[in-house]
Amino acid sequence: MTSPASAKTAKKTKTAEAASTEAVVGKALAHDSAGLHVTGRALYIDDMPEAEGMLHVQPGYHKDAACGRITSVDLSAVEAFPGVVRVLTARDIPGRNDCSPSLGGDPILADGEIIFHGQVIFAVVAETREAARRAARLAKIEVAATRPVVTADDAIRMGTEDVLPEYTFTRKDAAAAIAASSHSILDSFLIGGQEHFYLEGQVSLALPDEKGGMHVHCSTQHPTEVQHCVAHMLHVDDALVTCECRRMGGGFGGKESQAAQWACLAALAAHVTGRPAKCRLDRDDDMIMTGKRHDFRVSSEAGFDDDGRLTAVNVEFDSRCGCSADLSMGVNDRTMFHADNAYFYPALRIHSRRLRTNTVSNTAFRGFGGPQGMVFAERLMETIALRTGRDALDVRKRNFYTRHRDVTPYGQQVTDNILPDIVGELERTSDYRARRQRITEYNAASRVLKKGLSLTPVKFGISFTLTHLNQAGALVLAYTDGSVQLNHGGTEMGQGLYTKVAQVVAEVFGIGLDKVRICATSTGKVPNTSPTAASSGSDLNGMAAKRAAEEIRDNIANLLARDWRIPKARIAFRDGMVSGGSKSITFAEACSRTHQARLPLSATGYYATPEIHWDRAKAHGRPFLYFAYGASCSEVTIDSMTGEMRVDRVDILHDVGRSLNPAIDLGQVEGAFVQGMGWLTTEELVFDDKGRLRTHAPSTYKIPCASDVPEEFNVALYESKGNKEDTIYRSKAVGEPPLMLGISVWTAIFNAVAGMGGNVIPALDTPATPEAILHAVKSVRA
C-alpha cells in the first residue's frame with residue numbers, strides 16, 4: 001500500500017522508535033520469516049520432505065444429508081480402488097472417539113448418526129492423495145435424513161435444546177428504566193458469520209514412534225490440545241505424543257480447536273498402518289467441514305434522554321453455535337463482555353442464548369465473539385443519533401466511560417481509559433467535522449450516489465476469560481559460542497509472535513536478533529501450553545521467555561561480578577558485549593566462562609497473568625488485565641440504485657502501548673481492519689434449507705481483495721507512554737482489537753442509507769452486501 005498511508009505510517013514508526021531506550025525491543029524489525037515468505041522457502045507442513053512410505057488421508061462424508069441416522073455404509077468400492085491401503089471408521093479407534101476442546105460431542109468419525117452436513121464418516125488411507133480423494137467419492141452411504149435446524153431463528157421456532165445454558169448480565173431494573181426514559185428504541189438485526197479462509201488449509205503429518213507413541217506435525221494454534229486429543233484417541237499417555245508446529249499459513253482462531261480432528265485422522269492412519277500419514281484438506285472440504293465465526297440474531301430495546309445519553313439497555317444475543325459446544329461458551333461470553341464496547345450502561349440486561357443447529361460447530365475467530373457485541377453497541381449509537389438528530393460521534397462521546405460512570409456490565413472498573421484522547425486526536429487528524437459538512441452537501445445534491453461517514457471506537461479486554469489459560473512457559477538455551485535457542489508455548493501464524501519474543505530475549509542478553517534461533521513450538525520442549533489466542537501471545541510468552549533469559553543472564557552476571565570483584569549491578573549486557581568497570585568481553589566469551597565454571601546456560605521461565613479473577617456464577621470480577629483501545633474513521637459511497645459500495649477513505653489511530661515492534665504492529669492493524677471490513681461487507685455464508693453450505697470456495701465466498709482497500713488508508717499507532725499494567729516492556733496486545741476497527745465501514749454504510757429516510761432505522765444486516773444495502777435503502781424509502 002503506497003501513498004498517503006505510507007508516509008504517515010513511516011512518520012509514526014520513527015516516533016515510536018525514538019521514544020524507546022531499548023536496543024532491540026521497540027524497533028521496526030522485519031518478521032523473522034519475511035525473506036522466506038517472499039521467496040517461497042518458508043517450510044509449511046505440506047512442504048516438508050515426505051518420509052519413506054508416506055500415506056495420504058482423505059475424509060469422506062455424505063454429500064447431501066445434514067442430520068439423521070446412518071442406515072448403511074458400503075465401502076467396498078472404496079477399498080478396492082487402486083492405491084487404497086486402508087479405510088478407517090469409528091471401529092478402528094482404540095481409545096476415545098472425540099476431539100472436542102470442551103464438553104464432548106465432536107466425534108472424530110461419526111458412528112451411527114450424523115448431525116451436520118460434512119461430518120466425517122470414514123477416512124481413506126492411500127498411497128497418493130489423488131487416489132485417496134478419488135476413492136472417497138465411491139462410498140455408498142444411506143442416511144434416514146431428518147429435517148435440519150439451520151439458522152438461529154429455526155432453532156428458536158422449532159424449540160430445539162440449547163447447546164449450552166443461557167447466561168445473563170444485569171444491573172438495576174433495565175425494563176423499568178427504559179419505561180421511564182424520555183425516548184426508547186426497539187431494534188432487531190442479523191450479524192453474519194465468517195469463514196477463516198487461512199491461506200494454508202488444515203493439515204497434519206503423523207510419524208509413528210516406538211512404544212505406541214506418535215510425533216505429529218500440525219498446523220495448529222494449540223499444540224497441547226492436539227497432543228491431548230491424539231493421546232486419548234490412541235489410548236496412550238500424553239507423554240507418548242509430541243505435537244510440533246513451526247509456522248502456520250494463517251489461523252485466525254480456525255486452528256485453535258479445529259485442527260485436532262485432522263491430526264487425529266493422520267495419527268490414526270499412522271497407528272493402524274505403522275507408516276507415516278498426512279491429512280490435508282481440499283479448500284472446499286475445509287470450508288464445509290470446519291467451524292466459522294458465530295452468527296447472531298440480535299434483538300434489543302434501549303432508553304435514552306434528549307441528549308442521546310443512554311439510561312438503560314436490554315439486549316438478547318441469539319447465537320447459532322452449531323451442532324456441539326466446541327468453544328461456544330467462551331465466544332458467547334465474550335460477546336456479552338463487549339456488548340458495551342466503550343459505553344456506560346446505567347441499567348442493563350445482556351442475555352445470551354447458545355442455540356444448537358444442524359450446521360458445523362462454530363468456533364473461535366479473531367475477536368472471539370467480541371466483534372459481534374461491538375457491532376450491536378455501534379449500531380445502537382447510530383440509531384440514537386438518528387432519532388435525536390445529533391451527530392453520531394457526539395452521541396458516542398456522551399456515552400463514553402468517564403469518572404463515576406466507569407464500571408462495566410460485569411463489574412470491572414475501567415481505570416485506563418484513553419479513548420477520549422484517541423478519538424479526539426483522530427477527529428482532528430481525519431478532519432471529521434469538515435468532511436461531515438461536505439458529505440451533507442454532497443448528499444443533498446446527489447440523487448443516486450450517497451456518502452456516509454462514521455468514527456467508531458474500540459475498547460477490547462485482554463486476557464483469556466477462562467482464567468487458568470493465562471499462563472505460559474519458555475525454555476531458553478545459551479551456547480558457548482554466544483548463540484541462543486528459544487522455545488516457548490506460543491505458535492506463529494504470520495502475526496510476528498516469534499519475532500517479538502526473540503526481540504525480548506535478544507534485549508535481555510544484549511545481543512543481536514540474528515543470534516537468537518527461533519525453534520518450532522513443541523509439546524516436547526514446553527508442556528501444557530495455552531492456545532495462541534485471545535491476543536495474549538506476546539504478553540504471556542514474552543514474559544515467560546524474559547524470565548528464563550534473565551535467569552541465565554543472572555548466572556553470567558554473578559560469575560563475572562565475583563571474578564571482576566565488582567557489584568553485580570555494574571555488569572551490563574549490550575551490543576554483544578558484557579561489561580563491568582574497566583573490563584569487557586564478548587557475550588560468547590561470557591557464556592564460555594560460565595560453562596567452564598559449571599554454571600547452567602539453560603533455564604525455563606514461567607509467567608501467570610496477575611490480578612485477574614472471574615466468578616462466572618456471580619457474573620462479576622476482573623476478567624481482563626487491561627484494555628486495548630483504538631478508533632477508526634471511514635468514508636463510503638453507496639449506489640442507491642444497485643447497492644454497490646466503495647470505501648473512499650479510512651483513518652485509523654490504534655493503541656499498542658509501547659510497541660515491541662512497530663512494523664509488525666502496523667501490519668497487524670492494517671490486516672485486521674481489512675479482515676473486519678470483509679466480514680461486515682463482502683463475506684457472506686449461505687446455507688440452503690438442507691443445511692448445506694453453498695459458499696464453499698473463492699468463487700462464491702468473497703474475501704476482500706487489493707481493490708477493496710481504500711486508496712487513502714491512513715494508519716498510525718497512538719503515541720503512548722506505555723501500558724499502565726506491568727506487561728512485557730509496557731506493550732499492549734494487537735492481534736484481535738484492530739479487527740473491530742472495521743466496524744466503522746459498516747456504520748458508515750448505515751449512515752449513508754439512514755440519510756435517505758428521515759429518522760427511520762435502516763434494515764441493514766451484516767454483511768452489507770449490495771443486496772443487503774439495496775434492501776436497507778428500500779426499507780427507509782418505504
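Student: How many Å separate the centres of domain 1 and domain 2, taken over C-alpha atoms?

Tutor: In this predicted model, the centres of domain 1 and domain 2 lie 39 Å apart when taken over C-alpha atoms. The contact draws on 20 residues from domain 1 and 21 residues from domain 2.

Student: Which residues make up each domain?

Tutor: Domain 1 consists of 417-465 + 616-782, whereas domain 2 covers 471-608.

Student: How should the area between the domains be read, and which residues of domain 1 supply it?

Tutor: Buried area is the accessible area that two parts lose on being put together, summed over both. Here domain 1 and domain 2 bury about 1500 Å² between them, with 62% of it on carbon and sulfur atoms. Of the area that domain 1 buries against domain 2, 41% comes from Phe464, Ile728 and Tyr729, more than from any other three residues.

Student: How many salt bridges does the rule find across the interface?

Tutor: The rule asks for a side-chain nitrogen of Lys or Arg within 4 Å of a carboxyl oxygen of Asp or Glu. It finds one salt bridge across the interface of domain 1 and domain 2. Aspartate 665 forms a salt bridge with lysine 500, and their closest N and O atoms are 2.5 Å apart. Five residue pairs in polar contact are also found across the interface, both residues at pLDDT 80 or more.

Student: Which elements supply the side of domain 1 that touches domain 2?

Tutor: Strand S16 (449-462) and helix H18 (662-681) each contribute at least two residues to that side. The largest share, three residues, comes from H18. By class, the side of domain 1 that touches domain 2 holds 11 nonpolar, six polar and three charged residues.

Terms used: Residues numbered from 1 in each chain as written. Predicted model: local features only at pLDDT ≥ 70, side-chain atom pairs only at ≥ 80, totals over all residues. Heavy atoms only, no water. Domains from an automatic or database assignment. Contact = heavy atoms within 4.5 Å. Buried area = accessible area lost by both parts, 1.4 Å probe. Polar contact = N/O pair within 3.5 Å; in protein donor to acceptor, adjacent residues only side chain to side chain. Helix = DSSP H or I, 4+ residues; strand = E, 2+ residues; numbered from the N terminus. Nonpolar A, V, L, I, M, F, W, Y, C, P; charged D, E, K, R; others polar.
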